[in-house]
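Please walk me through the structure shown below, beginning with a single residue and moving outward to the contacts between its elements.

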Amino acid sequence: MDKIDFSDNYFMQQALKEAREAYRKDEVPVGAIIVSGERIIARAHNLTETLNDVTAHAEMLAITSAAEYLGGKYLNDCTLYITLEPCTMCAGALNWAQIARIVIGAPDSQRGFTRLSPSPLHPKTELSTGIMADECSSLIKEFFKKKR
């Protein structure tokens, strides 16, 4: 039996599955996975249109789901895999959750939190960017191209 390679690419592929589900629902295709150890404890995708809620970003929904799973509000032993760089609202929530690590697929030069200084993330949060960036970016571009 083959052992699963629990790499950043593996988990980003799982986040991309969530993003594709959002795309299918005509939502901005952003997907999120939260991992504790090598286990996915939360999956989410954007639902702002479905729920008529501007805060229903993939990250926010994943944070809530992971906190419920863990039975506590802090995600300091968890990693978020997100297909698009979080906005400042989501980065703020990730700060409050004290998430250990964030892995970003595609950058968001218009609304992403990294354009802010100082960073809104918790000082202990580790950040990795550009994981499967082309795949993540092309899904977003395809979605907005279809909308125009």
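Is isoleucine 41 buried or exposed? In this predicted model, isoleucine 41 is buried, because its relative accessible area is 9% and the cut-off for that class is under 20%. Isoleucine 41 belongs to strand 2, which covers residues 39-45, and, when neighbours within four places in sequence are left aside, its contacts are Ile34, Ser36, Ser65, Ala66, Tyr69, Leu70 and Cys78. For one of these partners, alanine 66, which stands 25 residues away along the chain, the separation of the C-alpha atoms from those of isoleucine 41 is 5.8 Å.

From the strand we can turn to a pair of helices. Helix 3 (residues 58-70) and helix 4 (residues 88-97) have axes that come within 9 Å of each other and cross at roughly 20°. Helix 3 is therefore roughly parallel to helix 4, since angles under 35 degrees are counted in that way. The crossing of helix 3 past helix 4 is left-handed. On the side of helix 3 the contact is made by Glu59, Met60 and Ile63, while helix 4 contributes Met89, Cys90, Ala93, Leu94 and Ala97. Sorted by character, the residues of this contact between helix 3 and helix 4 comprise seven nonpolar, no polar and one charged.

The charged side chains elsewhere give a second view of how the chain is held in relation to itself. Five salt bridges are counted in the model. One of them joins the side chains of arginine 101 and aspartate 8, with an N to O distance of 2.6 Å. This pair links distant parts of the chain, for arginine 101 is in strand 4 (residues 101-106) and aspartate 8 in helix 1 (residues 8-24), 93 residues apart. Arginine 101 counts as buried, because its relative accessibility is 17%. The pair also takes part in a wider arrangement, in which Asp8, Arg101 and Glu126 are linked in a network of salt bridges.

A salt bridge of more local reach is formed by arginine 24 and glutamate 21, whose closest N and O atoms are 2.5 Å apart; both residues lie in helix 1, three residues apart, or about one turn of the helix. Arginine 24 counts as exposed at 60% relative accessibility, whereas glutamate 21, with a relative accessible area of 25%, is partly exposed.

Lysine 146 and aspartate 26 form another salt bridge, in which the closest N and O atoms are 3.9 Å apart. Because lysine 146 lies in helix 5 (residues 133-147) and aspartate 26 in the loop between helix 1 and strand 1 (31-36), the pair ties together parts that are 120 residues apart in sequence. Lysine 146 is partly exposed, with a relative accessible area of 47%, and aspartate 26 is also counted as partly exposed, at 35% relative accessibility.

Two loop residues remain to be considered for their backbone angles. Asparagine 52, in the loop between helix 2 (48-51) and helix 3, has a phi near 55°, which is a positive value in a residue other than glycine. Methionine 132, in the loop between strand 5 (126-129) and helix 5, likewise has a positive phi, of about 55°, although it is not a glycine. What relative accessibility does each of them have? Asparagine 52 counts as exposed at 74%, whereas methionine 132 counts as buried at 15%.

Note on methods
Residues are numbered from 1 along each chain as its sequence is written. This is a predicted model: local features need pLDDT of at least 70, side-chain atom pairs count only at pLDDT 80 or more; totals for chains, interfaces and linings use all residues. Side-chain values use heavy atoms; hydrogens and water are left out. A salt bridge is a side-chain nitrogen of Lys or Arg within 4 Å of a carboxyl oxygen of Asp or Glu. Helices (H or I, at least four residues) and strands (E, at least two) are DSSP runs, numbered from the N terminus. Buried means under 20% relative accessible area, exposed over 50%, partly exposed in between (1.4 Å probe, protein chains only). Contact means heavy atoms within 4.5 Å. Axes are lines fitted to C-alpha atoms, for helices over the stretch in contact, and angles run from 0 to 180 degrees between N-to-C directions. Angles under 35 degrees count as roughly parallel, over 145 as roughly antiparallel, 65 to 115 as roughly perpendicular and the rest as oblique. A crossing is left-handed if the near helix is turned anticlockwise from the far one by less than a right angle, and right-handed if clockwise. Ala, Val, Leu, Ile, Met, Phe, Trp, Tyr, Cys and Pro count as nonpolar, Asp, Glu, Lys and Arg as charged, and the others, Gly among them, as polar.
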